[in-house]
Structure formats: structure tokens, C-alpha cells
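Student: I would like a close look at a single part of this model. Please keep the answer connected and plain.

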Amino acid sequence: MVPESYYTALSAVLFSIGVVGVVIRRNPLVIFMSIELMLNAANLALVAFGHRFGNLDGQALVLFVMAVAAAEVAVGLAIIVAIFRVRRRLSVDDLSLMRW
Amino acid sequence: MARAAFFVLAALATGSALGLILKKNAIHGALFLVVNLGSIAVLYLMLGAEFLAAAQVIVYAGAIMVLFVFAIMVLIPGKEETGPDPRRAYRLLALPLGAALLLLLGGVVAGRLGAPAAAGAAGDAGALGRLLFTRYLFPFEVTSVLLLAAMVGVLLLARRGA
């Protein structure tokens, strides 16, 4: 039997790695994947809390997070592809304006 | 036994997460993320969330990662992060800041180590489904609207000459 605090500790580690990934990488696709990593860390914490308190609300919330993440990835990748079509290169340092 | 399995999975998840943010090649990062999502799915199983483990594999490792790999293949990045870094000072700051965040989160987790655990079985996929269609019925329906909006938005963005 693994204590739930182990899971939340792992979740904290994964979330921090995701934050560092968002800051140090320049490729928007990798930044996106780091955001997915953070979402997953939060999901893991939610499931661990749900397990700890013996109810299913955490799991229901994780399901909604998954749906929102799916929608977010689809729209985000479409935006990245649209930007790439216009600018022919991908680096978040070039994208300081909300227009092209 | 469960503890050993947890530590193996935790090492796998942490290592693959580090691989994702440290590998220069985006496609390697995507494959690392698949490993990470898979190990988290096994952790869900260990926490008794069978339905979420299946959904994790199908939705994340299946659908979302296919989308990612497809986008990476279309855009052919990998050359973008080679030149000189225009914001090197900020990026060097990222590691201490990330470590500070980890310390903060770890402090929160450690502060709750001795909290009493509420006993009780969480329930299976059937119970989760009943919960979704009773208490969370409205958010569940809103999710379908959200997915439809995302689909329409993506079609609009992906249109040629949009």
C-alpha cells in the first residue's frame, strides 16, 4: 500500500519539470507537450486525493480535464500550423505580437 | 511490492519527463511523453481508477500524441533550437525558479504527510459513470459543446487561405 502523499510528491516533481520545460524551450510544440505534462501531474494529484478521501469527484474532474486538454491540443496545434504557414519557422521568441 | 512498483514507475515518469524537456529533437520528446503518459496510466490503475487508466491510454497516448507526432512531422522542426539563444539569461534563471517551485510544492506535500486518511473504496467505472450522469451532468454536456467548438475552430484555422 503506497501512501497518497507519494503520488502527490511525484505530481509536484512532474509539474515542476513541466514548468521548467515551458520556460527553457523555444519550440512551441515542445512547450505544448510540457503543458500536457503539467496537466497530467495535476490529474495524478486529483486521482490521488480522490483515492485518499474515498470518493469519485476527483476522477470525474480528471475526465473533464482530459476533454479540455484534447480540445486545447487540437486548437493549439492548428494555430501553430497556421503560424508556420505564414512565417515558415517556429520559435516562440519570434512570436511577440498577436498578429502576423 | 506495490511500493517497489510505485518507485519504478515514478523513476520512469520522472526520467521521461526530463527527457522531454532536455532532448533537442521534438520527436524524441513526443516519444518520451508517451512513456510518461503510459506510466501515469499504470499509476492510475494502482490508485483504483481503472476507467481513467483506459481513458488515459486511449485519449492521451492514442489520440493526442498521434496529433502531436503528426504536427511534428508536418512542421519538421528540430533546426529551430540550434542558433544562438537570444534570451539565455532568462533561461538560466529557469532552473533555480523551477527548483524553488519544487521546494514550495514539496513543502505543501510534506506538510500534509501526517494527515489522517479517510478510508473507503472509491468505486469502479460504473460508479464513476453514474456520478458523471447525475451530479456532473451539466458539465458533461458542456464538454460536448466545448469539443464541438474546438472542432469547428480547428476546421476554420486549418482552411487554406484562412
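Where does α3(B) bend, and by about how many degrees?

Tutor: The model is predicted. In it, α3(B) bends at Met65(B), by about 35°. The helix covers residues 50-75 of chain B, 26 residues in total. From its first C-alpha to its last it reaches 36 Å, close to the 38 Å expected at 1.5 Å a residue.

Met65(B), the site of the bend, is also one of the buried residues of α3(B). Others among them are Leu52(B), Ala53(B), Tyr60(B), Ile64(B), Phe68(B), Ile72(B) and Leu75(B). An α-helix has 3.6 residues a turn, so residues three or four places apart point the same way. The buried residues of α3(B) pack against two helices of chain A, α2 (28-53) and α3 (57-87), and against α2 (26-46) of chain B.

That partner in chain B, α2(B), comes next. Its 21 residues should span 30 Å at 1.5 Å a residue, and because its end C-alpha atoms are 30 Å apart, the two values agree. At the N-terminal end, Asn25(B) acts as a cap, with a side-chain oxygen 3.1 Å from the backbone nitrogen of Ile27(B). After the helix comes Gly48(B), which has a positive phi near 80°. The buried residues of α2(B) include Leu33(B), Asn36(B), Leu37(B), Ile40(B) and Tyr44(B). They pack against α1 (4-24), α2 and α3 of chain A, together with α1 and α3 of chain B.

Ser39(B) is a residue of helix α2 of chain B. It counts as buried because its relative accessibility is 2%, and buried means under 20%. Leaving aside residues up to four places away in sequence, Ser39(B) touches Leu9(B), Leu12(B) and Ala13(B).

Both helices have packing partners in chain A, which leads to the interface as a whole. Chain B gives 85 residues to the contact and chain A gives 67. Between them the chains bury about 6800 Å², 72% of it on carbon and sulfur atoms. Nine residue pairs are in polar contact between the two chains, counting pairs with both residues at pLDDT 80 or more. The rule finds one salt bridge across the interface. Asp57(A) forms a salt bridge with Arg135(B), with the closest N and O atoms 2.8 Å apart. On the side of chain B that touches chain A, the elements giving two or more residues are α1 (2-22), α2, α3, α4 (88-111), α5 (125-132) and α6 (137-158).

How values were computed:
Residues numbered from 1 in each chain as written. Chains lettered and ligands numbered in written order. Predicted model: local features only at pLDDT ≥ 70, side-chain atom pairs only at ≥ 80, totals over all residues. Heavy atoms only, no water. Helix = DSSP H or I, 4+ residues; strand = E, 2+ residues; numbered from the N terminus. Expected span 1.5 Å × (residues − 1). Bend = angle between axes of the 7 residues up to and from the residue. Buried < 20%, exposed > 50% of the residue type's maximum accessible area, 1.4 Å probe, protein only. Contact = heavy atoms within 4.5 Å. Buried area = accessible area lost by both parts, 1.4 Å probe. Salt bridge = Lys/Arg side-chain N within 4 Å of Asp/Glu carboxyl O. Polar contact = N/O pair within 3.5 Å; in protein donor to acceptor, adjacent residues only side chain to side chain.
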